[in-house]
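Reader: Got a model to go through with me? Let's start with the ground rules.
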Amino acid sequence: MHADGVLSLQSFAVRAARDADIVVLGVGHHFTGSLDMALDYQGGPSGAKRAPLRARLQYNAFLPFSLNHTLTHLIAAREAYGHADAAASILLVGISSPVAGCSRFRAPISLAQYATSHYEHRRTVDSPMWLSYARLNVAASYVPCARHGALAGLS
Amino acid sequence: MALTADQQRGRCFSSPGTPTHDYTDGDWVPFTHHRYKILAHFWEQLGTTIKSTTPQNYGRCDRVTPNRILYEWQPHRCRLDQFSVQGVCEVLRGKSLLMVGDSTVFQLWLSFALLLGAQLGKNVKKASTVSEITASACGDATRLAFVRNDLVLYTSNVGDLMSAKRCDGFLSMQVTYPECMLIARCVPAPRVTYALSAPLSAC
């Protein structure tokens with residue numbers, strides 16, 4: 001179990017809705033880490049593998065629902081404050097893809113080297129958090145395009 | 001004056017988000033002029049408790065290998081625009097930019113601010129986590145702000161954020177708060193409620 005709470009949640013509503021001309025929202029590594037821990041807790045001592053199906057479904061649903069909630073209300077609030085084209089002034093940044101053992105590399109590596117290092121990491125370290133990143137980026141890409149008319153998803 | 005080979009290649013994007021060439025075919029090439037370095041005393045100036053040995057010191061590479069080579073992507077068939085302080089300032093002059101997210105988004109914000117040579121303010125509290133900070137860039141014509149919110153959870157009700165934090169704390173305390181048994185139900189605005197028992201269809 002983690003030693004202490006990890007979530008840092010400062011309020012940004014007023015700045016994002018009223019003050020800022022451009023808002024950049026980033027969903028990142030702490031997001032999956034926190035949800036992983038919540039799921040671990042659901043599974044009791046045996047962890048996430050034993051977590052109830054309902055909890056796992058909610059885990060998968062959290063990002064799309066939370067992001068949809070944030071975008072819906074942020075866009076509405078910015079429109080209310082008179083920002084022209086409120087949706088177009090919001091950018092969404094996805095989760096960066098980590099490279100296993102990146103401290104070993106002194107220069108950019110090829111895709112093949114990346115795949116090898118990633119496989120080695122997966123073989124020796126169980127890191128479901130990493131597996132979540134690609135899935136969550138797909139979800140983060142879907143929500144703005146499907147629900148809020150974004151011009152382009154995350155790439 | 002004759003154009004260089006780089007100048008002769010067309011731009012990779014005719015406009016933002018509209019590629020004109022395959023920019024993914026290229027090579028990493030050494031990037032010789034370092035734009036900024038983060039040294040140990042930098043964090044104290046920001047009003048944080050971050051030390052040179054703590055994980056939040058993103059300048060560790062500058063300290064361990066101060067002369068390391070940096071690289072930039074150079075496509076074969078086209079050219080990417082170089083980062084230009086003047087160009088960025090033309091776009092952002094008179095504007096305020098806010099970034100919200102976790103520590104990785106703070107790294108993005110910090111890099112952007114340092115690339116612009118911005119005047120950085122102090123963290124809202126003396127801690128090892130940067131939670132709120134602002135900076136002035138482009139000759140004080142552009143305001144850059146960062147707010148730390150790991151879930152990008154928008155709410156105008158501080159109680160919602162407190163609820164989420166309490167749920168986070170319960171993970172370590174192993175105290176059961178029934179309302180915290182995993183996250184997430186979105187109810188009609190403006191409240192966000194965290195509950196296990198909520199049906200997914202409620203969102």
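Author: Here are the conventions, then one helix and the sheet.
Author: This is a predicted model, where local features need pLDDT of at least 70, side-chain atom pairs count only at pLDDT 80 or more, and totals for chains, interfaces and linings use all residues. Residues are numbered from 1 along each chain as its sequence is written, and chains are lettered from A and ligands numbered from 1 in the order in which they are written.

Reader: OK, α5 of chain B. How many residues does it have?
Author: α5(B) has 13, residues 103-115. Helices are DSSP runs (H or I, at least four residues), strands likewise (E, at least two), numbered from the N terminus.

Reader: Which residues in α5(B) are buried?
Author: B:Val105, B:Phe106, B:Trp109, B:Leu110 and B:Ala113. Buried means 20 or more other C-beta atoms within 10 Å of the residue's own, with C-beta atoms placed from the backbone.

Reader: And what comes after α5(B)?
Author: B:Gly117 follows, with a positive phi near 65 degrees.

Reader: Switching to the sheet. What's the strand order?
Author: β2(A)-β1(A)-β5(B)-β8(B)-β7(B)-β6(B). Six strands, open, with mixed pairing. Two strands pair if DSSP finds at least two bridges between them.

Reader: Which strands stand at the edges?
Author: β2 of chain A and β6 of chain B. Each has a single partner strand, so one side of each lacks a neighbour in the sheet.

Reader: How many bridges between β7(B) and β8(B)?
Author: Six, in the antiparallel sense. In β8(B), B:Arg143 is the bridge partner of B:Ser136.

Reader: Last one: how many helices and strands in chain A?
Author: Five helices and two strands. They run α-β-α-α-β-α-α from the N terminus on.

Conventions. Expected span 1.5 Å × (residues − 1). Buried ≥ 20, exposed ≤ 12 C-beta atoms within 10 Å, placed from the backbone.
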